[in-house]
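I am opening my notebook on a structure that is new to me. Here is what I looked up, entry by entry.

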Amino acid sequence: AFLKLCRILFTEYKGLVRYWLTFNEINMLLHMPFMGAGILYKEGEDKNQVNYTAANHELIASAKAVKLAHEIDPENKLGCMLAAGQYYPYSCDPDDVWEAFNMDRDNYFFTDVQARGKYPVWAFRRMEELGVKIDLTEEDRNALEEGTVDFISFSYYSSAAASTRDLDPATGNLFGGVNNPHLQKSAWGWAVDPKGLRWFLNEAYDRYQVPLMIVENGLGAADVVEDDGSIHDDYRIDYLRSHLEQLRMAIEDGVDVMGYTWWGCVDIVSNSSGEMRKRYGFVYVDKQDGGAGTLARSRKDSFAYYARVIASNGADI
């Protein structure tokens, strides 16, 4: 069914769309199974078995879509997309370091397969420890090898810390971990970590050696509309500028970055919290959590800033 959809899209938009992503934030399947993949469990089902079976199907579907897109139009470029963010060891305790290493591995699991064309060796032990058995046929293995992506895209909002000790849990993000005392938090508890973006870009490029693209980066905040209708969101501009500075440094490090897009340009309901008041956009939408509002749109101060960044192709930040 997925490939039928892909064939229609690749054919209909041939020559018009060059860049495609197969699955959005594919690794969210293991963090939020329903939100990430629409998974509902039957009573008594082994959730780990269900999750990894679904993941295997998605990975094979993605690989076959890549091959199909290249066959329909050799100019097509296919990418994967993960919700990114490194785990810092909470301390130099080897247990904390190993915990962070393993949590990073779990996050990279899907991209390892999509970029390298095969399951990483550690994944089989992880599944064995969970009692999971995957029916990976020779045909499936060939499909994965033939359908590696041309580039890797990702969302980046925050980083996390990892420890085996019972410490304050991280708030806000969906990846778990523990609170990082060295980072400031957004109003919704997400750690603000621009340097973590540079770290992830370098780590991912070292790992895969394919072009990278940031397709989501943003700050959820409660904006205040002044009496004259203006919205002074300097905090959003500061967040954007600080991340673009680290992005520039990553490019100077030698990382091949294809592009950057903000999430999201127009206010919508926040996916993570279900609130309208947690706003990400440069354009304010007159709609409140209770349903009141006209849906009228107005520009925030960040609108002019981002327009300047776009016009200069990132030279003026």
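**The nonpolar cores**

I began with the largest nonpolar core, which has 47 residues. Which members touch the most others? They are Ile152, Phe154 and Leu201. I kept in mind that this is a predicted model.

I then followed Leu201 outward, setting aside its neighbours within four places in sequence. Its contacts are Phe154, Leu212, Ile214, Leu247, Ala250, Val255 and Val257. Phe154 thus turns up both on this list and among the three members that touch the most others.

There is also a second, separate core, made of 22 residues. Among them I noted Ala54, Ala61, Val113 and Trp122.

**The largest pocket**

Next I turned to the open spaces. The largest pocket holds about 500 Å³. Its lining has 29 residues, and those closest to the centre are Glu25, Tyr157, Trp190, Glu216 and Asn271. Helix H3 (33–37) and strand E2 (77–84) are the elements that give two or more residues to this lining. I also sorted the lining by class and got 15 nonpolar, 11 polar and 3 charged residues.

Glu25 made me stop for a closer look. Where does Glu25 sit? I found it in the loop between strand E1 (19–21) and helix H2 (28–31). Is Glu25 buried or exposed? Glu25 has a relative accessible area of 15%, and the cut-off for buried is under 20%, so Glu25 counts as buried. Its backbone caught my eye too: phi of Glu25 is near 45°, a positive value in a residue other than glycine. I jotted down a reminder that most residues other than glycine have a negative phi.

**The second largest pocket**

The second largest pocket comes to about 380 Å³. I counted 15 lining residues here, with Leu244, Leu247, Tyr260, Asn313 and Gly314 nearest the centre. Helix H9 (234–253), strand E7 (257–260) and H10 each give two or more residues to the lining. Which element gives the most? That is H9, with 5 residues. By class, I have 10 nonpolar, 3 polar and 2 charged residues for this lining. Leu247 was already in my notes as a contact of Leu201.

Asn313 earned its own entry. I located Asn313 in the segment after helix H10 (301–311). Asn313 has a positive phi of about 55°, although it is not a glycine. Its relative accessible area is 73%, and exposed means over 50%, so Asn313 counts as exposed.

**The cavities**

How many cavities of 30 Å³ or more does the whole structure have? My search found 3.

The largest cavity has about 70 Å³ of space. Its lining includes Tyr157, Ser186, Trp190, Gly218, Tyr239 and Lys278. I recognised Tyr157 and Trp190 from the centre of the largest pocket. The lining of this cavity splits into 7 nonpolar, 3 polar and 1 charged residues.

The second largest cavity has a volume of about 60 Å³. Of its 12 lining residues, Ser159, Ala170, Val178, Asn180 and Ala191 lie nearest the centre. Here the classes are 5 nonpolar, 6 polar and 1 charged. Ala191 is also among the residues that line the largest cavity.

I went on to Asn180, which lies in the loop between strand E5 (160–162) and helix H8 (194–208). With a relative accessible area of 12%, Asn180 is buried. Leaving out neighbours within four places in sequence, I found Asn180 in contact with Tyr88, Ala161 and Lys185.

**A look at Ala160**

I stayed with strand E5, where Ala160 has its place. Ala160 is buried, at 7% relative accessible area. Beyond its neighbours within four places in sequence, Ala160 is in contact with Gln86, Tyr87, Tyr88 and Gly176. Tyr88 therefore appears for Ala160 as it did for Asn180, given that contact means heavy atoms within 4.5 Å. I also checked Ala160 against Thr111: they are 49 residues apart in sequence and 19 Å apart in space, C-alpha to C-alpha.

**The cysteines**

My last entry is on disulfides. I looked for pairs of cysteine sulfur atoms within 2.5 Å, and the count came to 0. As for single cysteines, Cys92 is exposed at 74% relative accessibility, whereas Cys265 is partly exposed at 38%.

How values were computed
Residues numbered from 1 in each chain as written. Predicted model: local features only at pLDDT ≥ 70, side-chain atom pairs only at ≥ 80, totals over all residues. Heavy atoms only, no water. Buried < 20%, exposed > 50% of the residue type's maximum accessible area, 1.4 Å probe, protein only. Core = buried A, V, L, I, M, F, W, Y, C linked by side-chain atoms within 4.5 Å. Helix = DSSP H or I, 4+ residues; strand = E, 2+ residues; numbered from the N terminus. 1 Å grid on protein atoms, 1.4 Å probe; cavity = no way out; pocket = protein on both sides within 12 Å on 5 of 7 lines; lining within 4 Å. Points joined across faces, edges and corners; volume = space filled by probe spheres on them. Nonpolar A, V, L, I, M, F, W, Y, C, P; charged D, E, K, R; others polar.
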